[in-house]
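Hi everyone, thanks for making time. I'd like to walk you through one model today, so please have the viewer open.

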Amino acid sequence: MKILEIAVPVPINKIFSYLPPQNVEAIDIVGKRVKVPFGSRNLTSYVVGIVDYKGSSDFKLKEISEIIDSEPIIFPEAIELAKYISQNYVCSVGEALASIIPPQMKAPKRTPKTPPPYEIAYQKHLLNPDQQNAVDLITQSISSPDPLAQRSFLIHGVTGSGKTEVYLNCIDFAIKNQKNAIMLIPEISLTAQFVEVVTKRFGQIVGVWHSQISNIDKYKLFHKALSG
């Protein structure tokens, strides 16, 4: 009998076992959010795998109560990240997954449109020698097939010295080489001005994520990421 391995967002660091609903194949639920009975609550949780149940037939497993997602949204990279967070920051895998893939995310009533192909929206600025040197060092690291050659860099410069243009050039290089980029902003109040700059450069492939984004917009962003 196939049973589901489910990470529940509670401070108990273990994976729980549940049965799939009747007439639903367990393999079809892997990677999806589900609702499961947990004590007196019905919690949105994460299906991270399936196993063959070899326990006693006298032990009754509970069934999941609802399948939330129509398509998988939890992939091995997210599970590995959640395990890393769990091991290093004293939380359960389920709690870590809840911070990566919010339980409250909702699908819009209409299927989100696939964004248009990536195009540069405006002419890049000419770089000064210091900027070009920084871009060259960073892009060499990005393009190296050797993980040991991929480094971290600290860019130092006063306000207005052109650090953002270095970031944008490196993001542009990464995207053109079939990689991804995340630009982290230190304050939510700075989001608008950076979104304007980045969107002018990269158009509709930009996704914005912070605590004030609606649950539907978070789902749309996941759809955009999954569709490339």
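One thing before we start: this is a predicted model.

Let's begin with the strands. β1, residues 2-7, and β4, residues 41-52, pair in the antiparallel sense, and six bridges hold that pairing. If you want a place to click, take E5, which stands opposite G49 in β4.

Now stay on β4 and look at its pairing with β3. Here, too, the strands run antiparallel, with six bridges joining them. V36 has L43 in β4 as its bridge partner. How many residues sit between β3 and β4 in their hairpin? Two, and in that turn G39 has a positive phi of about 65°.

Next, please scroll along to helix α6, residues 215-226. Its 12 residues reach 17 Å from first C-alpha to last, which is close to the 16 Å expected at 1.5 Å a residue.

Which residues of α6 are buried? They are K218, Y219, L221 and F222. Looking down the helix axis, you'll find these buried residues within an arc of 155°, so they line one face of α6.

And what covers those buried residues? The cover includes β3, residues 33-38, and α2, residues 93-100. So β3 turns up twice in this talk: it is joined to β4 by bridges, and it is also part of what covers the buried residues of α6.

One last stop, just past the end of the helix. G228 comes just after α6 and takes a positive phi of about 90°.

That's my tour, and I'm happy to go back to any of those views.

Definitions and conventions. Residues are numbered from 1 along each chain as its sequence is written. This is a predicted model: local features need pLDDT of at least 70, side-chain atom pairs count only at pLDDT 80 or more; totals for chains, interfaces and linings use all residues. Side-chain values use heavy atoms; hydrogens and water are left out. Helices (H or I, at least four residues) and strands (E, at least two) are DSSP runs, numbered from the N terminus. The expected span of a helix is 1.5 Å times one less than its number of residues. Buried means under 20% relative accessible area, exposed over 50%, partly exposed in between (1.4 Å probe, protein chains only). The arc is that of the directions from the helix axis to the C-beta atoms. Contact means heavy atoms within 4.5 Å. Two strands pair if DSSP finds at least two bridges between them.
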